[in-house]
Amino acid sequence: MINRKIAPPIKDAVEFDLRLKPYDKYVLRNGVEVYAVNAGAEEVIQVEWVFWAGNWYEEQNLVAPATNFLLKNGTSKKTAFEINEHFDYYGAALSRACYNETATINLHSLTRHLDKLLPVVRELVTDAVFPQEELALYQQNNRQRLEVNLKKNDFVANRLIDEYLFGFDHPYGRYSRFEDLAALDRNSLQAFYDKYYKNGKCIIFVAGRLPPNIFEQLDASFGDLPLHNNETLKRIHITKPAEEKKYRIINDPNGVQGAIRLARDFPNRHHPDFFGVQVLNALFGGFFGARLMNNIREDKGYTYGIYSYLQNHIQQGAWMVSTEAGRDVSEATITEVYKEMELLRNELVEEDELMLVRNYLMGTILGDLDGPFHIIGRWKNIILNDLDESFFYKTIETIKTIPATELQILANKYLDPKDFYELVVV
């Protein structure tokens with residue numbers, strides 16, 4: 001019998017031996033790859049179709065997100081209302097999202113209803129018609145949303161810092177404008193849809209309590225479609241970063257708060273420094289107990305929150321510091337960020353602080369492995385970035401073992417203020 005008077009032993013997260021549950025892989029008769037994780041206690045399932053149909057492939061700004069959003073808004077057989085009613089009737093949720101390289105359709109449902117839902121998803125992939133009235137409503141809603149958001153300093157700052165890093169003509173630096181919304185038309189959306197959805201490249205990710213015939217169901221609905229076109233992977237975009245590094249923008253003459261962004265370019269996940277910089281970033285500003293938060297929020301009181309993070313795109317990344325501070329202390333906030341960079345370059349981190357960061361990062365990964373949907377999310381990230389499971393285990397090893405001396409070397413390599421773009425929007 002357990003003695004309840006004795007507290008259980010405390011175990012550091014770095015002592016955990018984390019394992020990534022393997023996936024099962026199928027290939028449909030048309031060559032489409034299916035990655036599946038069969039796990040979970042409840043009879044629920046997630047199916048995600050990933051298309052190479054992000055704004056990386058558009059020739060007209062906003063065509064990719066508009067096409068993705070309007071996939072669900074009408075086919076030749078069903079109106080937008082009827083499509084939504086169908087999924088609601090079975091207690092399912094169908095969402096879609098557009099990113100830089102990829103765009104997705106994501107289905108969550110009870111496992112037993114999957115056979116009633118897959119044919120309708122197929123209909124969206126093969127027979128979307130983009131009704132003019134739905135497009136007009138999309139344009140109107142997004143114009144109104146953009147009008148509101150442009151009054152927000154943090155929204156403006158997020159747009160501009162990406163443009164400075166990559167250039168507006170690069171997919172990573174592009175953003176919505178009123179003239180681009182007005183220029184959208186059904187023919188452009190239909191052409192993009194035909195090329196990158198009906199005849200594009202697709203990968204399917206499935207997780208949850210899977211039915212025994214999951215592969216047969218997916219093959220029946222999608223195995224005969226031309227969804228294994230590799231030509232989409234060949235498009236190349238060249239970054240054109242801004243020459244000037246420091247910007248001060250007045251967005252609201254009466255504003256009392258400034259949106260601050262500091263950012264520099266950074267390699268993608270294939271670079272050998274990526275693993276160590278994940279640890280360095282956590283130490284610098286990656287969580288609530290990091291140095292930026294302790295200094296600029298807790299000690300100085302300049303902000304409610306400040307974070308740094310790696311902006312991880314497939315082709316190229318960035319290292320970003322983001323916060324909102326009082327207008328009168330925005331410059332002082334930037335000075336303190338640079339002071340923290342200097343400390344990391346010049347002084348070795350203490351072992352107690354490094355252990356805190358190690359435990360935090362291990363705990364975060366542990367949380368990401370809780371349940372089949374999180375697990376397939378990890379695998380999706382690995383697969384779409386053309387990596388393998390060694391990336392996961394190399395990440396774990398680095399978190400547990402990277403020495404303070406190596407973190408200092410990385411800090412000297414990447415945390416030099418002269419390499420950072422500096423933006424304040426007030």
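Thr-79 is found in the loop between helix 1 and helix 2 (80-89), where helices (H or I, at least four residues) and strands (E, at least two) are DSSP runs numbered from the N terminus. The structure is a predicted model, in which local features need pLDDT of at least 70 and side-chain atom pairs count only at pLDDT 80 or more, while totals for chains, interfaces and linings use all residues. Residues are numbered from 1 along each chain as its sequence is written, and side-chain values use heavy atoms, with hydrogens and water left out.

**Loop residues**

With a relative accessibility of 43%, Thr-79 counts as partly exposed; on this scale buried means under 20% relative accessible area, exposed means over 50%, and partly exposed lies in between, with a 1.4 Å probe and protein chains only. Thr-79 is separated from Pro-131 by 52 residues in sequence, and the C-alpha atoms of the two are 9.0 Å apart in space.

Most residues other than glycine have a negative phi. Phe-130, by contrast, has a positive phi near 50 degrees, and Asp-386 has a positive phi near 60 degrees. Phe-130 belongs to the loop between helix 3 (114-127) and helix 4 (132-149), and it counts as buried because its relative accessibility is 1%. Asp-386 sits in the loop between helix 13 (372-384) and helix 14 (389-401), and its relative accessibility of 64% means that it counts as exposed.

**Helix 1 against helix 7**

Two packed helices are described by the angle between their axes and the distance between the axes. For helix 1 (residues 63-70) and helix 7 (residues 186-198), the axes come within 9 Å and cross at roughly 80 degrees; axes here are lines fitted to C-alpha atoms, for helices over the stretch in contact, and angles run from 0 to 180 degrees between N-to-C directions. That crossing makes helix 1 roughly perpendicular to helix 7, given that angles of 65 to 115 degrees count as roughly perpendicular, those under 35 as roughly parallel, those over 145 as roughly antiparallel and the rest as oblique. On the helix 1 side, Val-63, Ala-64, Ala-66, Thr-67, Asn-68 and Leu-70 meet Ser-188, Leu-189, Phe-192, Tyr-193 and Tyr-197 of helix 7, contact meaning heavy atoms within 4.5 Å. By class, this contact has eight nonpolar, three polar and no charged residues, where Ala, Val, Leu, Ile, Met, Phe, Trp, Tyr, Cys and Pro count as nonpolar, Asp, Glu, Lys and Arg as charged, and the others, Gly among them, as polar.

**The two sheets**

One open sheet has six strands in the order 1-2-6-3-5-4, with mixed pairing. Its edge strands are strand 1 (24-27) and strand 4 (93-98), each of which pairs on one side only, and neighbouring strands of this sheet are turned by 15 degrees against each other on average, direction ignored. Strand 3 is mostly covered, with seven of its eight residues buried. Within strand 3, Val-47 has Leu-107 as its bridge partner in strand 5 and stands opposite Val-206 in strand 6, whereas Glu-48 stands opposite Phe-205 in strand 6.

Another open sheet has five strands in the order 7-11-8-10-9, again with mixed pairing. Strand 7 (246-249) and strand 9 (303-312) stand at its edges with a single partner strand each, so one side of each is left without a neighbour in the sheet. The twist from one strand to the next averages 15 degrees. Helix 5 (residues 153-166) packs on this sheet and touches strand 7, strand 8, strand 9, strand 10 (317-326) and strand 11, its direction making about 25 degrees with that of strand 8. Helix 10 (residues 291-299) lies across strand 9 and strand 10, running at about 155 degrees to strand 9. In the pairing of strand 8 with strand 11, Leu-262 stands opposite Glu-422 of strand 11.

Two strands pair if DSSP finds at least two bridges between them; some of the pairs are set out here.

| Strand | Partner strand | Sense and bridges |
|---|---|---|
| Strand 3 (residues 44-51) | Strand 6 (residues 202-208) | antiparallel, seven bridges |
| Strand 3 | Strand 5 (residues 103-110) | antiparallel, eight bridges |
| Strand 8 (residues 257-266) | Strand 11 (residues 421-425) | antiparallel, five bridges |

**Helix 12**

Helix 12 (residues 351-368) has 18 residues and reaches 26 Å from its first C-alpha to its last, close to the 26 Å expected at 1.5 Å a residue, the expected span being 1.5 Å times one less than the number of residues. Its buried residues are Leu-354, Val-357, Arg-358, Asn-359, Leu-361, Met-362 and Ile-365. What covers these buried residues includes helix 9 (274-286), helix 13, helix 14 and helix 15 (404-414).
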